[in-house]
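Biologist: I have not seen this one before. Can you walk me through how it is put together?
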Protein chains: 2
Amino acid sequence: MQKSITKIALAGSGNIAWHLANALKLQGYQITRIWSRNFSNARALAESYDSKACNYISDLRENADLIILAVADKAIKEVASAIGEFDGIVVHTAGSVSINALKDSFQNYGVFYPLQTFSKGTPVNIREVPFFLESSSDDVNQALKQLALSLSAKVYEADSHQRMLLHVAAVFAGNYSNFMYTISHEVLNGSGLPQDVLHPLILETARKATSGDPMKMQTGPARRNDTTTIEKHLEILASLPEYAELYRLLANLISNKYK
Amino acid sequence: MQKSITKIALAGSGNIAWHLANALKLQGYQITRIWSRNFSNARALAESYDSKACNYISDLRENADLIILAVADKAIKEVASAIGEFDGIVVHTAGSVSINALKDSFQNYGVFYPLQTFSKGTPVNIREVPFFLESSSDDVNQALKQLALSLSAKVYEADSHQRMLLHVAAVFAGNYSNFMYTISHEVLNGSGLPQDVLHPLILETARKATSGDPMKMQTGPARRNDTTTIEKHLEILASLPEYAELYRLLANLISNKYK
């Protein structure tokens with residue numbers, strides 16, 4: 001039977017590592033060691049959370065019940081194999097990496113995936129962040145679930161395929177919606193109008209989409225198949241040809257969907 | 001000198017007409033007549049706001065200080081020319097139609113453009129909705145400004161070119177971000193996970209973008225130029241080829257932007 005997790009070591013010093021360290025420390029977990037490819041980043045993070053930076057990946061094992069790999073997706077396997085033999089649990093935090101990336105290196109392993117956009121220094125209400133767990137055994141599952149529930153009210157189990165679908169969905173809902181905002185700012189830049197005139201629209205669109213089915217909330221020229229307005233907009237975008245191509249593709253996708 | 005506006009007639013019964021009628025009535029304006037291509041829609045709207053539906057566009061003039069054309073963009077010129085001689089002010093509410101669409105029909109005219117996503121039956125806090133005004137004269141400008149300020153705290157002047165840029169920006173910030181949410185729902189549909197797991201991400205992304213520069217908030221595989229994850233996601237999207245094409249275009253645009 002897996003004992004509860006109280007001592008946690010962390011590999012990585014990026015956005016997810018930063019937010020997890022913060023949330024874990026607030027909940028009273030001891031962050032035993034922090035390792036990062038860039039030692040001074042690990043030291044900075046360790047100083048903030050009463051922890052110790054370490055030089056060797058294998059040092060993460062010392063005193064830890066759990067090692068969290070919050071490193072770049074492509075580094076997960078390499079960092080995992082550098083840990084060495086370890087009795088506790090090892091998890092990664094990646095949406096699009098299979099649990100099997102850890103299978104050859106450990107007995108007890110899993111995935112601990114928080115679905116949110118994290119930026120260092122921007123506080124996040126961790127209790128609202130959904131966590132998705134996958135585990136190598138029921139014992140590991142029980143230990144990870146207890147840990148996740150101490151951080152968040154929203155804990156789910158998801159296998160590697162479900163988590164991949166979730167990550168693709170999150171790219172559209174988060175990364176790509178943010179890029180729409182970026183384009184809107186660039187377009188408005190030429191107008192002399194302040195950027196914040198778009199804020200009520202951005203917030204209301206997000207609010208509506210989270211209170212019902214976004215497909216039913218669609219408005220705008222493409223939804224109405226208003227080709228005259230679409231052509232006017234493409235003329236305006238002639239000076240930003242890469243966005244004109246994107247505008248046209250999106251207008252066509254939307255028009256076809258509501259035909 | 002233009003007198004203040006107290007009596008307002010409305011052409012149209014769509015989303016904007018519905019929300020303007022509601023906001024104007026709440027502020028104590030009298031809605032004298034409502035006309036719509038579909039008479040029963042006009043009657044339904046008129047019944048809700050102590051007004052009268054009319055059969056002829058020209059009847060909108062009766063007793064009105066202002067006629068608001070909240071009709072489809074392509075109908076504006078035709079409806080305007082059917083009004084006939086009118087001493088008051090006539091405005092349209094369209095982002096991408098020039099003020100000149102009204103020039104041949106009236107002495108006093110303008111544009112009264114509210115920037116928000118409106119759906120019938122979904123309440124909107126009108127005081128937070130930015131209004132953009134354009135006027136045929138200083139007198140008209142003064143009257144429209146007084147009206148707009150009685151509805152909203154955010155009133156701007158914008159000429160037809162500025163308003164067009166604004167509308168293009170709004171298509172990206174509102175319509176197209178909503179379409180990103182729609183795609184994310186479709187992708188997640190196949191996973192068996194509940195749709196609301198995406199809501200914190202959607203809301204937090206919007207919140208961050210409205211508290212700083214969205215370009216600096218960009219995260220995700222394309223931002224990191226993580227081609228391994230991008231290729232995995234394109235495999236997952238093989239069953240939704242139209243979204244795979246869009247995913248790839250957006251990934252390329254983002255990768256190039258942050259190179």
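Modeller: Keep in mind that this is a predicted model. The domain assignment splits chain A into domain 1 (7-158) and domain 2 (164-257).

Biologist: How far apart are the C-alpha centres of those two domains of chain A?

Modeller: The centres of domain 1 and domain 2 of chain A are 35 Å apart. Six residues from domain 1 of chain A and five residues from domain 2 of chain A make up the contact between them.

Biologist: What kinds of residues does domain 1 of chain A put on the side that touches domain 2 of chain A?

Modeller: That side of domain 1 of chain A has three nonpolar and three polar residues, and no charged ones.

Biologist: OK, now the chains. How many residues does each of chain A and chain B give to the contact?

Modeller: Chain B contributes 77 residues and chain A contributes 77 residues. On the chain B side, at least two residues each come from helix H5 (160-189), helix H6 (199-209), helix H7 (214-217), helix H8 (227-236) and helix H9 (241-257).

Biologist: Which of them gives the most on the chain B side?

Modeller: H5(B) does, with 24 residues. By class, the side of chain B that touches chain A holds 43 nonpolar, 25 polar and nine charged residues.

Biologist: And how are the two copies related?

Modeller: Chain B superposes on chain A after a rotation of 180 degrees, with 0.0 Å of shift along the axis and an RMSD of 0.0 Å. The copies are therefore related as by a two-fold rotation axis.

Biologist: Which C-alpha of chain B is nearest that axis?

Modeller: The one of Ser177(B), at 2.3 Å from the axis.

Biologist: Why do you say the copies meet through the same surface?

Modeller: Because 100% of the interface residues of chain B are also interface residues in chain A.

Biologist: Back to H5. How do H5(A) and H5(B) pack?

Modeller: Their axes are 8 Å apart, at an angle of about 180 degrees. An angle over 145 degrees counts as roughly antiparallel, so H5(A) and H5(B) are roughly antiparallel to each other. Their contact has 24 nonpolar and four polar residues, with no charged ones.

Biologist: At what angle do the axes of H5(A) and H8(B) cross?

Modeller: Roughly 105 degrees, and these axes come within 10 Å. Angles of 65 to 115 degrees count as roughly perpendicular, so that is the term for H5(A) and H8(B).

Biologist: Which residues meet there, between H5(A) and H8(B)?

Modeller: From H5(A), Met164(A), Leu165(A), Val168(A) and Val171(A); from H8(B), Lys232(B), His233(B) and Ile236(B). The contact of H5(A) with H8(B) has five nonpolar residues, one polar and one charged.

Biologist: Now a pair inside one chain. How do H8(A) and H9(A) sit?

Modeller: Helix H8 (residues 227-236) and helix H9 (residues 241-257) of chain A have axes that come within 9 Å and cross at roughly 165 degrees. That angle is why H8(A) is described as roughly antiparallel to H9(A).

Biologist: Is the crossing of H8(A) and H9(A) left-handed or right-handed?

Modeller: H8(A) passes H9(A) in a right-handed crossing. On H8(A), the contact is made by Ile230(A), His233(A) and Leu234(A). On H9(A), Ala244(A), Tyr247(A), Arg248(A) and Ala251(A) take part. The classes for this contact of H8(A) with H9(A) are five nonpolar, one polar and one charged.

Definitions and conventions:
Residues are numbered from 1 along each chain as its sequence is written. Chains are lettered from A and ligands numbered from 1 in the order in which they are written. This is a predicted model: local features need pLDDT of at least 70, side-chain atom pairs count only at pLDDT 80 or more; totals for chains, interfaces and linings use all residues. Domain bounds come from an automatic or database domain assignment. Two residues are in contact if their C-beta atoms, placed from the backbone, lie within 7 Å. Ala, Val, Leu, Ile, Met, Phe, Trp, Tyr, Cys and Pro count as nonpolar, Asp, Glu, Lys and Arg as charged, and the others, Gly among them, as polar. Helices (H or I, at least four residues) and strands (E, at least two) are DSSP runs, numbered from the N terminus. Axes are lines fitted to C-alpha atoms, for helices over the stretch in contact, and angles run from 0 to 180 degrees between N-to-C directions. Angles under 35 degrees count as roughly parallel, over 145 as roughly antiparallel, 65 to 115 as roughly perpendicular and the rest as oblique. A crossing is left-handed if the near helix is turned anticlockwise from the far one by less than a right angle, and right-handed if clockwise. Copies are superposed by least squares on the C-alpha atoms of residues with pLDDT of at least 70 in both.
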